[in-house]
Amino acid sequence: MQIVVLDGRTTNPGDISWEPLKELGKLTVYDDTPYELIRERAGTAEAVIMNRTVMDRAILKELPCLRFLGALATGYNTIDIAAAEELGITVCNVPLYCAETVAQHAFSLLLALCNRAEYYSETVRDGGWKRAEEESAFSPMFELSGKTLGIFGFGAIGSAMARLGLAFGMKVLLCSRTRKEAPAGCSWVSLRELFQKSDVVSLHCPLTEETRGLINSSLLSLMKPSAFLLNTSRGAVVAEADLAEALNTGRLAGAGMDVLSQEPPAPEHPLLSAKNCIITPHVAWSSREARQRLIGIVAENLRCFLAGVPQNVVKQKRDKGEKQYE
């Protein structure tokens, strides 16, 4: 089998192994592939592996040999699932490889907002010990114990985030499309209650037509002025101009973002100049351990497909009359 990885550098810059995929066929790995080169590089491939490369209807129709499309990610919003189904292409993602890693990064964003450790360290290195010490009295650290953490989306990552919050002595509120058993110390609430009652809101929901732009001025206006918003899900879940306005007007105390609606952002992106907004470049998933697991599961997805028992198959979402977030 001919296997082509179109954008492997993000997953593996050279510190881990592609061996699990090499065992399944003739493997070719490209660091990055511009859209206009996809046909040339993958035109004869039976299996294509990709992370953020756009696989729309037009390009899928140009790949006549393609039988398997493996996402090096949990998200698959760059893949036209409907077109893949029509063309008989099986699409598989990797749902559970980085839950602990992403939750850890989300909490690191929170701690950065609460403790400002990097700022104080840089100030001390610049000879400003006394200045930093004096500033700490006017901008004190934010103690998490006893505060309320609101988690929107209670899948594997949301569950890991809840465990971290509980370990820090926080009360945990949950809101998700479907409810399931949660640890002691967690309570289910509506979306409005989550934003009204939380000192920290952390987003762990998928990007769907329902969640696109859901976190807008209406919901942000419900939050405490002292509250923080964290987003390690998908950038487009947040109406970013609304968030920037809330930060700049003091309506919200701070935000920690690992994802943006446009990556990388344009220079004029409103959050780049927003007050007290920490932005990391979509790296929450990228621990070495998580990336090695990712390659292993992608390979297992392909192995199962070849054996006729595909796993982690992504299907086109169809409206089943499910209830909206309360």
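**Exercise 1. Does Asn 276 count as buried, partly exposed or exposed, and what is its relative accessibility?**

Before we start, keep in mind that this is a predicted model.

*Solution.* Begin with the place: Asn 276 sits in the loop between β11 and β12. Next comes the class. The relative accessibility of Asn 276 is 42%, so the residue counts as partly exposed, since partly exposed lies between the cut-offs of 20% and 50%. Now look at the backbone: Asn 276 is not a glycine, yet its phi is positive, about 50 degrees. As background, most residues other than glycine have a negative phi.

**Exercise 2. Find the cis peptide bond in the loop that holds Pro 264.**

*Solution.* First locate Pro 264, which lies in the loop between β11 and β12. Then check omega: the bond that joins Glu 263 and Pro 264 has an omega of about -5 degrees and is cis. For context, most peptide bonds are trans.

**Exercise 3. Work out the surroundings of Asp 258, starting from its charge partners.**

*Solution.*
1. Asp 258 is in the loop between β11 (254-257) and β12 (277-279).
2. Asp 258 is buried but has no salt bridge. Arg 52 is the nearest side chain of opposite charge, and it is 7.0 Å away; a salt bridge calls for atoms within 4 Å.
3. Turn to the backbone instead: the side chain of Asp 258 reaches the backbone nitrogen of Val 283 at 2.9 Å.
4. Finally, list the neighbours. Beyond four places in sequence, the contacts of Asp 258 include Asn 231, Thr 232, Thr 280, Pro 281 and His 282. Glu 263, from the cis bond with Pro 264, is also in contact with Asp 258. So are His 105 and Leu 109, two of the buried residues of α5.

**Exercise 4. Check the span of helix α5, then follow the chain past its end.**

*Solution.*
1. Helix α5 covers residues 99-115, which makes 17 residues. At 1.5 Å a residue they should span 24 Å, and because the end C-alpha atoms are 24 Å apart, the two values agree.
2. Buried residues of α5 include Ala 99, Val 102, Phe 107, Leu 110 and Cys 114.
3. The buried residues of α5 pack against α8 (156-167), α12 (288-306) and the strands β9 (200-203), β10 (228-231), β11 and β12.
4. Just after α5, Arg 116 takes a positive phi of about 55 degrees. Arg 116 lies in the loop between α5 and α6 (117-125), and its relative accessibility of 25% makes it partly exposed.

**Exercise 5. Which way do the residues of β6 point, and which residue of β7 is the bridge partner of Leu 149?**

*Solution.*
1. Strand β6 (residues 148-152) has 5 of its 5 residues buried, so it is largely enclosed by the rest of the structure.
2. Thr 148, Gly 150 and Phe 152 point one way, while Leu 149 and Ile 151 point the other way. In general, side chains of a regular strand alternate between the two faces of the sheet.
3. β6 runs parallel to β7 (residues 171-175), and 5 bridges join them. Leu 149 has Val 172 as its bridge partner in β7.

**Exercise 6. How far apart are Cys 92 and Asn 312 in sequence and in space?**

*Solution.* Cys 92 belongs to strand β5 (residues 90-92), and with 0% relative accessibility it counts as buried. Along the sequence Cys 92 and Asn 312 are 220 residues apart, but their C-alpha atoms are 5.2 Å apart in space. Contacts of Cys 92 beyond four places in sequence include Asn 312 itself, along with Phe 68, Gly 70, Asn 301, Gln 311 and Val 313.

Technical notes. Residues are numbered from 1 along each chain as its sequence is written. This is a predicted model: local features need pLDDT of at least 70, side-chain atom pairs count only at pLDDT 80 or more; totals for chains, interfaces and linings use all residues. Side-chain values use heavy atoms; hydrogens and water are left out. Helices (H or I, at least four residues) and strands (E, at least two) are DSSP runs, numbered from the N terminus. Buried means under 20% relative accessible area, exposed over 50%, partly exposed in between (1.4 Å probe, protein chains only). Lys and Arg count as positive and Asp and Glu as negative; His and the chain ends are not counted. A polar contact is a pair of N or O atoms within 3.5 Å; within protein, one must be able to donate a hydrogen and the other to accept it, and residues adjacent in sequence count only if both atoms are side-chain atoms. Contact means heavy atoms within 4.5 Å. The expected span of a helix is 1.5 Å times one less than its number of residues. Two strands pair if DSSP finds at least two bridges between them.
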